[in-house]
Amino acid sequence: MLISEPTNNESLDWAQAPLWEKGTVELICQQVIRETADISTFVFQMKEKARFNFKPGQFITLMQELDGEMVYRSYTISSSPSRPYTLNLTIQRVEGGRMSGWLFDHLKPGATIKATGPDGVFNIIDKPATNVLFMSASCGITPVMSMSRWLLDTCTDADIRFIHSARSEADIVYRRELEMLDEQHAFFNHSTVLDDRDGWLNLEKLQQLVPDLHSRTLYICGSPVYIEAVREMAKSAGFNMDNFHHEIFNDAMIKEIADRSEVPEVSGEGFEVALDKSGVVVTVDPNELLVDTLMAQKAPVVAACRAGVCGACKVKIIDGEVESGSQMTLTPQEIEQGYVLSCCSRPRSDLRVDI
Ligand code: FES
């Protein structure tokens, strides 16, 4: 949703461009920056002149038709909303990855792609702190880099300790920027841990690098193996795990969460699902996922992860009950307002959905 009307007048000063905060938009690729051998940053502007607004750490979902099928993939925004005229996605080319392969082969400057969002509760606004420890491995650096850029651009009094792990020096994403931030800001200190130079991070190294570990709030993003290893280190050091925030974006982990998010099947009569905006009413089996009901009616809903992880399929229930396997990305306020993740919700009564 644009909070003021867009305009196609090319002379409009960008400074007056409306803010984009939510919804489906078309992005134009302006630049592709090679970060490492398999990671590049794609720089976008809005096709309808607008500025980007999101919470540092959030993601957006790209939508692209591939071989006649609409494919959705969520990527964390690596830029900061303090620089609202462009939005950056730093993406790793995954072997056999349909979307990442397509992006690297086709998304050149001037090409367009649809996106929806932003979403995600792993962000520095909903989980604020001023004494922070950012930890990342490989492409997991993107959300914590967005948070760092935001905290430094907005001149907060944040004290940032940043530890990034990579295979080798050639694999460090944003290496020069990290070094520059370190030089320019007294309260930004970063270290890199390289597999081929230092070996894997362990508790002893972590405590050497962050002697005041216990006084910090930890935000971590990377592979499940990396996150679990650091979680165990933090626990064994007696770290307050309420201050341990993590982001998952690995297929195996998502599959495991999808299995946990399964809603048990029930037998019984079907229920009526009413789509409030279009007036459509359909009768569905109680075991049908709400997202499938909505998509079958061509309602504007996105099923990106289908695992209750990304939040792209969020809808508001006006009346009725659903059983949900995950509320992972919903805030307490959204739950209070009746939002559910439709990819892991099944009807348990007649429903009225705000869509
Ligand atoms: S599609 Fe990702 S949470 Fe439902």
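## The β5-β6 hairpin

Two strands count as paired when DSSP finds at least two bridges between them. With that in hand, here's a good spot to start in this predicted model: β5 and β6 make a hairpin, with 2 residues sitting between the strands. One residue to look at in the turn is Asp67, whose phi is positive, at about 50 degrees. The two strands run antiparallel and are joined by 8 bridges. Across this pairing, Ile60 stands opposite Tyr75 in β6.

β5 has another partner as well: 4 bridges join β5 to β8, again antiparallel. On that side, Met63 has Lys114 in β8 as its bridge partner. How many of the 8 residues of β5 are buried? The count is 7, so the strand is largely enclosed by the rest of the structure.

## The sheet around it

Zoom out and the hairpin turns out to belong to an open sheet of 6 strands, ordered β6-β5-β8-β2-β3-β7, with antiparallel pairing. Which strands sit at the edges? They are β6 and β7, each of which pairs on one side only. From one strand to the next, the twist averages 40 degrees.

Further along the sheet, β2 and β3 pair in the antiparallel sense over 7 bridges. Within that pairing, Cys29 has Phe44 of β3 as its bridge partner. Helix α1 packs on the sheet, touching β3, β5, β6, β7 and β8. The direction of α1 makes about 80 degrees with that of β5.

## Two nonpolar cores

The largest nonpolar core holds 26 residues, and the members that touch the most others are Leu27, Phe44, Ile60, Leu62, Leu89 and Leu103. Which elements each supply at least two residues of this core? Those are β2 (23-34), β3 (39-46), β5 (59-66), β6 (69-76), β7 (87-92), α1 (98-106) and β8 (112-119). The largest share comes from α1, with 4 residues.

Phe44 shows up again here, this time through its contacts. Leaving out residues up to four places away in sequence, Phe44 touches Leu27, Ile28, Cys29, Gln30, Phe52, Tyr85, Thr86, Leu87, Leu89, Leu107 and Ile113. There's also a second, separate core of 25 residues, which includes Ile172, Val173, Tyr174 and Phe188.

## Ser148 and Arg231

Phe188, one of the residues of that second core, is also a contact of Ser148. Where is Ser148? Look in helix α2, which covers residues 141-153. Buried or exposed? Ser148 has a relative accessible area of 0%, and because anything under 20% counts as buried, that settles the matter. Beyond neighbours within four places in sequence, the contacts of Ser148 are Phe134, Ile160, Phe162 and Phe188.

Arg231 sits in helix α6, residues 224-236. Arg231 has a relative accessible area of 18%; because the cut-off for buried is under 20%, this arginine counts as buried too. Its contacts, not counting residues up to four places away in sequence, are Met241, Phe244 and His246. As for His245, it lies 14 residues from Arg231 along the chain, with 9.8 Å between the two C-alpha atoms.

## Domains and how 1 meets 3

The chain is divided into domain 1 (13-119), domain 2 (131-249) and domain 3 (271-354). Taken over C-alpha atoms, the centres of domain 1 and domain 3 are 26 Å apart. Each side brings 8 residues to the contact.

How much area is buried between domain 1 and domain 3? It comes to about 560 Å², with carbon and sulfur atoms giving 62% of it. On the domain 1 side, Phe59, Tyr72 and Asp119 lose the most area to domain 3, together making up 65% of what that side buries.

## Pro264 in its loop

One last stop is Pro264, found in the loop between α7 (251-260) and β14 (271-275). What does Pro264 touch, apart from residues up to four places away in sequence? The contacts are Asn287, Glu323, Arg346 and Arg348. Of these, Arg346 is 82 residues away in sequence, yet its C-alpha is 9.1 Å from that of Pro264.

Definitions and conventions. Residues numbered from 1 in each chain as written. Predicted model: local features only at pLDDT ≥ 70, side-chain atom pairs only at ≥ 80, totals over all residues. Heavy atoms only, no water. Buried < 20%, exposed > 50% of the residue type's maximum accessible area, 1.4 Å probe, protein only. Contact = heavy atoms within 4.5 Å. Core = buried A, V, L, I, M, F, W, Y, C linked by side-chain atoms within 4.5 Å. Axes fitted to C-alpha atoms, helices over the stretch in contact; angles between N-to-C directions. Domains from an automatic or database assignment. Buried area = accessible area lost by both parts, 1.4 Å probe.
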